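User: I am new to reading protein models. I would like to ask why things get the labels they do. Can we start with one residue and go on from there?

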Amino acid sequence: MIKIFELKNIISIKDFEKSDIEYILNEAEKLEDIAKSKEISEELKGKILGLMFFEPSTRTKMSFETAMKRLSGECIGFENTGSSSVSKGESIADTAKMFEGYCDALVIRHEMEGVSKFISDIVNVPVINAGDGAGQHPTQTLLDLYTIKKEIGSIDNLKIALIGDLKYGRTVHSLANALTLFDNVELYFVSPDKLKMPQEILLDLDKVGMSYTEVSNISEIIDKVNVLYVTRIQKERFVDIDDYLEIKGAYIINKKMLEGKDLIVMHPLPRIDEIDGDVDDTKYNKYFTQAANAVPVRMAILKTLIKNNPKY
């Protein structure tokens, strides 16, 4: 029997136990028909979600809005500091306390690591980290795991390659941590030397005896894996533009590389040039399905946190 989900906030995937992940994935599956507009739900009617997006986003913000509205809730918020009083000098703490008075839960995206945790310590409504700097992106990880489970049937006993920007890519940091909770998963880290997986993540994996291999070429692992998880080289994370230009386009997946392989291709999006357009119409493409899966997974998160932590 799966225990009741007890987390009030979703700040880091490292706060989760395997049973917590399974709870959200099972709830998401139950909400599929509502997410696809086949059924109507009023689970969160009268509830308001606060969206505090200090950093630009398209998929994350839209999918949280869609998830809340599919459950008959409402959203308020901003998507850059220029449209909030932060631009006038208001502190993040004051902005958060103001939002607390208006909302039943907060979703935070910020370029600085740790902001979501800071806000969760000063407000009394659930806080969801929607990405903080190069740190964590736990709800993305939950929809990634949901996609893998739906497409392959299990998360256990898989070989998964994480490709591209592993240094600054918060999605791969969260995913690597989450996969330590599953059985017999082998990881392959494919990146340029300048964008290797951070040592603190490798230490987390070492502590639990997680099997991983670091390589620099996709050709070394493509015949071994069940999942290619591709990420873009993030220009906005580079201090020196020359470093970015040197690495840009280092890893490009195309249809010819995939022919005859038994695997799926995932990507948290946005895509730049790291997956060729000729992959889009193949059986390997699961990145658009992955994006759509954000809605039932985030519905499950919002329903669970808001129902379990009523404001009054």
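Analyst: Yes. Keep in mind that this is a predicted model. Start with F288. Its relative accessibility is 43%, so F288 counts as partly exposed.

User: Why is F288 called partly exposed?

Analyst: Two cut-offs decide. Buried means under 20%, exposed means over 50%, and partly exposed lies in between. F288 has 43%, so F288 falls in the middle class.

User: What makes Y287 buried or exposed?

Analyst: Y287 has a relative accessibility of 0%, so Y287 is buried. The cut-off for buried is under 20%.

User: How many aromatic pairs are there?

Analyst: The count is 6 aromatic pairs. One of them joins F54 and F78. Their ring centres lie 5.2 Å apart, and their planes stand at 80°.

User: Why is the pair of F54 and F78 called edge-to-face?

Analyst: Check the distance, then the angle. Centres must lie within 6.5 Å, and planes over 60 degrees apart count as edge-to-face. F54 and F78 have 5.2 Å and 80°, and the pair is edge-to-face.

User: Which parts does this pair tie together?

Analyst: F54 sits in the loop between strand 1 (48-53) and helix 3, while F78 is in strand 2. The pair therefore ties together parts that are 24 residues apart in sequence. F54 is buried, with a relative accessible area of 6%. F78 is buried at 6% relative accessibility.

User: What kind of pair do the rings of Y287 and F288 form?

Analyst: Their centres are 5.0 Å apart and their planes are at 70°, so this pair is edge-to-face. There is also an aromatic cluster made of F5, F16 and Y23.

User: How do you know that strand 1 and strand 2 pair?

Analyst: Count the bridges. Pairing needs at least two. Strand 1 and strand 2 have 5, in the parallel sense. I48 gives an example: its bridge partner in strand 2 is E74. With helix 3, these two strands make a right-handed β-α-β unit.

User: What makes strand 7 and strand 9 edge strands?

Analyst: Look at the sheet order. An open sheet of 5 strands runs 7-6-5-8-9, with parallel pairing. Strand 7 (211-215) and strand 9 each pair on one side only, and they are the edge strands. On average, neighbouring strands of this sheet are turned by 20° against each other, direction ignored.

User: How many bridges join strand 5 and strand 6?

Analyst: There are 5 bridges between strand 5 (residues 159-163) and strand 6 (residues 186-190), and the two run parallel. Within this pairing, A161 stands opposite Y188.

User: How do you know that the length of helix 6 agrees with what is expected?

Analyst: Helix 6 (residues 138-152) has 15 residues. The rule is 1.5 Å times one less than the number of residues. That gives 21 Å, and the end C-alpha atoms are 21 Å apart, so the two agree.

User: Why is helix 6 described as mostly covered?

Analyst: Because buried means under 20% relative accessible area, each residue can be sorted by its value. In helix 6, 11 of the 15 residues are buried. Among them are P138, L142, L145 and I148. After helix 6 comes G153, with a positive phi near 105°.

User: What makes S72 and L269 stand out?

Analyst: Most residues other than glycine have a negative phi. S72 is not a glycine, yet its phi is positive, about 70°. S72 lies in the loop between helix 3 (59-70) and strand 2 (74-78). At 25% relative accessible area, S72 is partly exposed. L269 is not a glycine either, and its phi is about 65°, also positive. L269 is in the loop between strand 9 and helix 11. Its relative accessible area is 16%, so L269 is buried.

User: Which bond joins L269 and P270?

Analyst: A cis peptide bond, with omega about 10°. Most peptide bonds are trans. P270 lies in the loop between strand 9 (264-266) and helix 11 (287-292).

User: Which residues does UniProt list for "binding site"?

Analyst: The unreviewed UniProt entry lists K88, R170 and R232. R170 is in helix 7 (residues 170-179). At 7% relative accessibility, R170 counts as buried.

Notes:
Residues are numbered from 1 along each chain as its sequence is written. This is a predicted model: local features need pLDDT of at least 70, side-chain atom pairs count only at pLDDT 80 or more; totals for chains, interfaces and linings use all residues. Side-chain values use heavy atoms; hydrogens and water are left out. UniProt positions are given in the numbering used here, feature names are shortened, and annotations may be inferred rather than shown by experiment. Helices (H or I, at least four residues) and strands (E, at least two) are DSSP runs, numbered from the N terminus. Buried means under 20% relative accessible area, exposed over 50%, partly exposed in between (1.4 Å probe, protein chains only). Rings of Phe, Tyr and Trp (its six-membered ring) pair if their centres lie within 6.5 Å; planes under 30 degrees apart count as stacked, over 60 as edge-to-face and the rest as tilted. A crossover is right-handed if, with the strands pointing away from the viewer, the path from the first strand over the helix to the second runs clockwise. Axes are lines fitted to C-alpha atoms, for helices over the stretch in contact, and angles run from 0 to 180 degrees between N-to-C directions.
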